[in-house]
Amino acid sequence: QVQLVESGGGLVQAGGSLRLSCAASGHSFSSYTMGWFRQASGKEREFVAFISWSGTSTLYADSVKGRFTISRDNAKNTVYLEMNSLKPEDTALYYCAARLSSHGPYDYWGQGTQVTVSS
């Protein structure tokens with residue numbers, strides 16, 4: 001069982017940066033692959049980024065590639081999402097998620113942190 005708590009969201013101007021954090025409680029954090037997702041108002045939740053157990057493998061949605069960076073610190077049970085060159089279309093509720101496998105549905109979800117980018 002893993003509990004996930006996101007933080008770091010807020011209001012930022014276009015072109016600005018934010019770093020989201022997702023703290024995991026429970027055991028064996030390094031056993032989980034982690035993902036970030038987002039859901040804008042009136043839209044479906046979409047994939048943002050993925051990181052493997054050790055952090056050596058990452059994947060990004062095309063819409064954020066080159067601007068966002070996912071990383072993890074297994075010693076701190078935390079995964080991060082560094083977001084640069086933010087755009088108004090990045091405005092959404094951002095969630096982190098965990099799963100034991102490298103593919104398939106995620107098993108655990110956080111409550112989300114709001115990111116709002118003003119133009």
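In this predicted model, N77 has a relative accessible area of 21% and therefore counts as partly exposed, since that class begins where buried, meaning under 20%, ends. The residue sits in the loop between β7 and β8, and its phi is near 55°, a positive value in a residue other than glycine.

A second residue with a positive phi is S85, whose angle is about 50° although S85 is not a glycine. S85 is found in the loop between β8 and β9, and with a relative accessible area of 40% S85 is partly exposed.

**Charged pairs**

Side chains of opposite charge can pair when their charged atoms come close. A search of the whole structure finds four salt bridges, and three of them, given here with the distance from N to O, are described in what follows.

| Pair | Distance, N to O |
|---|---|
| R38 and E46 | 2.6 Å |
| D62 and K65 | 3.1 Å |
| D90 and R67 | 2.7 Å (closest N and O atoms) |

How exposed or buried are the two partners R38 and E46? R38 has a relative accessibility of 6% and counts as buried, because buried means under 20%, whereas E46, at 35%, counts as partly exposed because this value lies between the limits of 20% and 50%. The side chains of these residues meet in a salt bridge of 2.6 Å, taken from N to O.

The side chains of D62 and K65 also meet in a salt bridge, here with 3.1 Å from N to O, and both D62 and K65 are exposed.

Which parts of the chain does the pair of D90 and R67 link? In this salt bridge the closest N and O atoms are 2.7 Å apart, and the pair links distant parts of the chain, with D90 in the loop between β8 (78-83) and β9 (92-99) and R67 in the loop between β6 (58-60) and β7 (68-73), 23 residues apart. Both D90 and R67 are buried. Salt bridges that share partners join R38, E46, R67 and D90 into one network.

The loop between β8 and β9 thus appears twice in this report, as the place of S85 with its positive phi and as the place of D90, which forms a salt bridge with R67.

Definitions and conventions. Residues are numbered from 1 along each chain as its sequence is written. This is a predicted model: local features need pLDDT of at least 70, side-chain atom pairs count only at pLDDT 80 or more; totals for chains, interfaces and linings use all residues. Side-chain values use heavy atoms; hydrogens and water are left out. Buried means under 20% relative accessible area, exposed over 50%, partly exposed in between (1.4 Å probe, protein chains only). Helices (H or I, at least four residues) and strands (E, at least two) are DSSP runs, numbered from the N terminus.
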